[in-house]
Amino acid sequence: MGSPMRTLGFRTHVLLAIAGAIGVLYSLSRPWYAVAPPAKEEETGIGDIHGPLNQFFDGAKRWVSGGEGVSGWQALDHWAQMIGAMAAVSVIGALLCLAVPRVQALGRDLTRYGSLAALVIVAWKLVDPPGDNGTWELRVGALLAGLFAIVLFTCASGVANAPLRRKVPQRTFSPPPAPPVYESAG
């Protein structure tokens, strides 16, 4: 018999959505792109196999280990501002979901659509860097942004899909009516 799966609570989703948004903002200060090195002609010997896959793996090593490059704020310009704004909108919406029931519906929409917009813009900029695509290579900031945007979207969706909390009216105690008094027959 397996143990029952436990889910995260509402407040945990709110905290993780906030952490995801902070991570997205942090990733914008890290290098997102760097100039790709020119393709080099490799000498092939007998039994050596060189091709595009080797160049891909060399590039992947530079993605995570390369510390040089242009930060997300500089490279993306107004798109970085939009990513930051959508992350902030998601946080504001998540906090509104914790507030009074009157603003929870607004908070759900802000959280849902803000996190979706942040994820879509980050994914777009991962695939299509600014300028000529052959000029730029990804760096660790872009990969972190993708990871944190997924965390933000996943947890913000959990917040937005939670049932609305209704204000429960406070009931005051009212004692039950007194039992009826019957006259005896005598």
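Me: Buried means under 20% relative accessible area, exposed means over 50%, and partly exposed lies in between (1.4 Å probe, protein chains only). Is Leu-116 buried, partly exposed or exposed?

Reply: This is a predicted model, in which local features need pLDDT of at least 70, side-chain atom pairs count only at pLDDT 80 or more, and totals for chains, interfaces and linings use all residues. Residues are numbered from 1 along each chain as its sequence is written, and side-chain values use heavy atoms, with hydrogens and water left out. Leu-116 has a relative accessibility of 36%, so it counts as partly exposed.

Me: Which helix holds Leu-116?

Reply: Helices are DSSP runs of H or I with at least four residues, strands are runs of E with at least two, and both are numbered from the N terminus. The run in question covers residues 104-127. Leu-116 therefore belongs to helix 5.

Me: How much accessible area does the nonpolar patch of Tyr-113, Leu-116 and Val-120 have?

Reply: Patch residues have over 30% relative accessible area and no salt bridge; like charges are joined within 9 Å, nonpolar side chains (Val, Leu, Ile, Met, Phe, Trp, Tyr) within 5 Å. Areas come from the Shrake-Rupley method with a 1.4 Å probe, and for residues only the protein chains shown count as cover. Together, the three residues have about 290 Å².

Me: How many salt bridges does the structure hold?

Reply: Side chains of opposite charge can pair when their charged atoms come close. The test is a side-chain nitrogen of Lys or Arg within 4 Å of a carboxyl oxygen of Asp or Glu. The count is two.

Me: Which residue forms a salt bridge with Asp-109?

Reply: Asp-109 is partly exposed at 38%, and its partner is partly exposed at 25%. The two are separated by about one helical turn because they stand three residues apart in helix 5. The closest N and O atoms are 3.9 Å apart, and the partner is Arg-112.

Me: Are the side chains that meet in the Glu-137 and Arg-139 salt bridge buried or exposed?

Reply: The N to O distance in this salt bridge is 3.1 Å. Glu-137 and Arg-139 are both buried.

Me: What is the strand order in the sheet?

Reply: Strands of a sheet pair through backbone hydrogen bonds, either parallel or antiparallel. Here the pairing is antiparallel, and the open sheet of three strands has the order 2-1-3. Strand 2 (70-71) and strand 3 (136-138) each have a single partner strand, so one side of each is left without a neighbour in the sheet. From edge to edge, then, the order is 2-1-3.

Me: Over how many bridges do strand 1 and strand 3 pair?

Reply: Two strands pair if DSSP finds at least two bridges between them. Strand 1 and strand 2 have two bridges, with Tyr-33 opposite Val-70. In the pairing of strand 1 with strand 3, Val-35 stands opposite Trp-136. For strand 1 (residues 31-35) and strand 3, the bridges number three.

Me: Why is strand 1 largely enclosed, and how many of its residues are buried?

Reply: Ala-34 lies in strand 1 and is buried, with a relative accessible area of 4%. Strand 1 is largely enclosed by the rest of the structure because, of its five residues, the buried ones number four.

Me: Which residue of strand 3 stands opposite Ala-34?

Reply: Contact means heavy atoms within 4.5 Å. Leaving out residues up to four places away in sequence, Ala-34 touches Glu-68, Gly-69, Thr-135, Trp-136, Glu-137 and Arg-139. Its C-alpha atom is 6.8 Å from that of Arg-139, 105 residues apart along the chain. The residue opposite Ala-34 is Glu-137.

Me: How many disulfides are there?

Reply: A disulfide is a pair of cysteine sulfur atoms within 2.5 Å. Cys-97 is buried at 4%, and Cys-155 is buried at 8%. The disulfide count is zero.

Me: What is phi of Asp-77?

Reply: Asp-77 is in the loop between helix 3 (72-76) and helix 4 (78-98). Its relative accessible area is 47%, so it counts as partly exposed. Phi is positive in this residue other than glycine, near 55 degrees.

Me: In what order do the elements of the chain run?

Reply: The chain has six helices and three strands. Of its 186 residues, 30% count as buried. From the N terminus on, the order is α-β-α-β-α-α-α-β-α.
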